[in-house]
Amino acid sequence: MREYYDRRAPEYDATAYEAADAGEVASLTAWVAGLARGRVLDVACGTGYLTRFLRGEIVALDQSQAMLEIASERVPGAELVRADVPPLPLDDDSFDRVFTSHFYGHLATAGERERFVDEALRVASEIVVVEQAWRPGLPHETWERRQLGDGSRHTVFKRYFRADELRGELHGKVALETPHFIGLAARRSGRLRAM
């Protein structure tokens with residue numbers, strides 16, 4: 001997957017945000033900017049498109065060096081970490097919040113998603129997840145064949161969530177719901193161990 005995201009980095013924003021409805025992207029970025037200030041770990045930060053709206057002391061983590069290079073220009077004050085997750089290579093309770101966007105839906109099994117959430121809630125008392133919403137005509141989960149601008153082809157797992165499904169897995173509160181995006185926050189104290 002690292003090769004896919006290294007190759008996708010230059011076109012990521014155009015396909016993930018610039019191609020989406022501008023009003024929905026504005027709602028998403030305003031919601032992210034309205035999250036409480038704190039020490040925040042952004043897991044799978046990508047190009048830093050949403051990272052730049054987070055407030056406080058930011059650590060941005062991604063597996064792709066090419067993504068981190070773009071993020072470093074966009075969010076110059078953030079500490080950047082290259083790592084594959086899970087596990088998170090960080091100490092217990094070292095953050096106020098773990099933020100992640102468009103990562104959770106790439107974890108192929110409920111077990112992988114549970115492991116990631118357990119790790120996130122080990123390093124922070126809150127996790128905030130942004131995902132693409134399921135819409136009629138989309139499969140709930142699929143292995144998508146994607147062709148990048150450089151001509152390379154990749155197969156990527158993708159799960160699209162309804163708000164109630166995401167809430168059910170994370171035992172959190174849906175705070176943003178548009179036709180294309182879901183934003184949810186869950187706290188360590190409210191999360192049940194079994195999904």
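1. Start with Phe116, since the ring is fully tucked away: at 0% relative accessibility, Phe116 counts as buried. Keep in mind throughout that this is a predicted model. The ring partner to look at is Phe103, which has 14% relative accessibility and therefore also counts as buried, the cut-off being under 20%.

2. How do the rings of Phe103 and Phe116 meet, stacked or edge-to-face? They are edge-to-face, with 5.1 Å from centre to centre and 75 degrees between the planes. Phe116 belongs to helix H5 (110-123), while Phe103 comes from the loop between strand E4 (95-101) and that helix. The two are 13 residues apart, and the pair links distant parts of the chain.

3. Aromatic pairs in general: the count comes to six. One of them is Tyr17 with Tyr49, and here the arrangement is stacked, with centres 4.1 Å apart and 5 degrees between the planes. Tyr17 sits in the loop between helix H2 (12-16) and helix H3 (22-33), and Tyr49 sits in the loop between strand E1 (38-43) and strand E2 (56-62), so this contact ties together parts that are 32 residues apart in sequence. Tyr17 and Tyr49 are both buried.

4. Don't stop at the pair, though. Tyr12 joins Tyr17 and Tyr49 in one aromatic cluster. Tyr49 also has a charged neighbour: the charged end of Arg52 sits over the Tyr49 ring, 4.5 Å from its centre. If you're checking this corner by eye, Tyr49 is a handy place to begin, given its stacked partner Tyr17 and Arg52 over its ring.

5. Next, Lys158, which turns up twice. What does its charged end sit over? The ring of Tyr160, at 5.4 Å from the ring centre. The side chain of Lys158 also meets that of Glu131 in a salt bridge, 3.3 Å from N to O. This bridge links distant parts of the chain: Lys158 is in strand E7 (residues 153-159) and Glu131 is in strand E5 (residues 124-132), with their positions 27 residues apart in sequence.

6. Are the two ends of that bridge buried or exposed? Lys158 has a relative accessible area of 1%, so it is buried. Glu131 is buried as well, because its relative accessible area is 0%.

7. Strand E5 supplies another salt-bridge partner, Glu126. Glu126 bridges to Arg97, and the closest N and O atoms are 2.7 Å apart. Arg97 is in strand E4, 29 residues away in sequence, and this pair too links distant parts of the chain. Both Glu126 and Arg97 are buried.

8. For a local example, go to helix H1 (residues 2-8), where Arg7 and Glu3 lie four residues apart, about one turn of the helix. Their side chains form a salt bridge at 2.9 Å, N to O. Arg7 is partly exposed, with a relative accessible area of 36%. Glu3 is partly exposed too, with 48%.

9. That helix H1 bridge isn't on its own: salt bridges that share partners join Glu3, Arg7 and Asp150 into one network. How many salt bridges does the structure hold? There are 16, and those discussed here, including Arg7 with Glu3, are just a selection.

Key
Residues are numbered from 1 along each chain as its sequence is written. This is a predicted model: local features need pLDDT of at least 70, side-chain atom pairs count only at pLDDT 80 or more; totals for chains, interfaces and linings use all residues. Side-chain values use heavy atoms; hydrogens and water are left out. Rings of Phe, Tyr and Trp (its six-membered ring) pair if their centres lie within 6.5 Å; planes under 30 degrees apart count as stacked, over 60 as edge-to-face and the rest as tilted. Buried means under 20% relative accessible area, exposed over 50%, partly exposed in between (1.4 Å probe, protein chains only). A charge sits over a ring if NZ of Lys or CZ of Arg is within 6 Å of the ring centre and within 35 degrees of the ring normal. A salt bridge is a side-chain nitrogen of Lys or Arg within 4 Å of a carboxyl oxygen of Asp or Glu.
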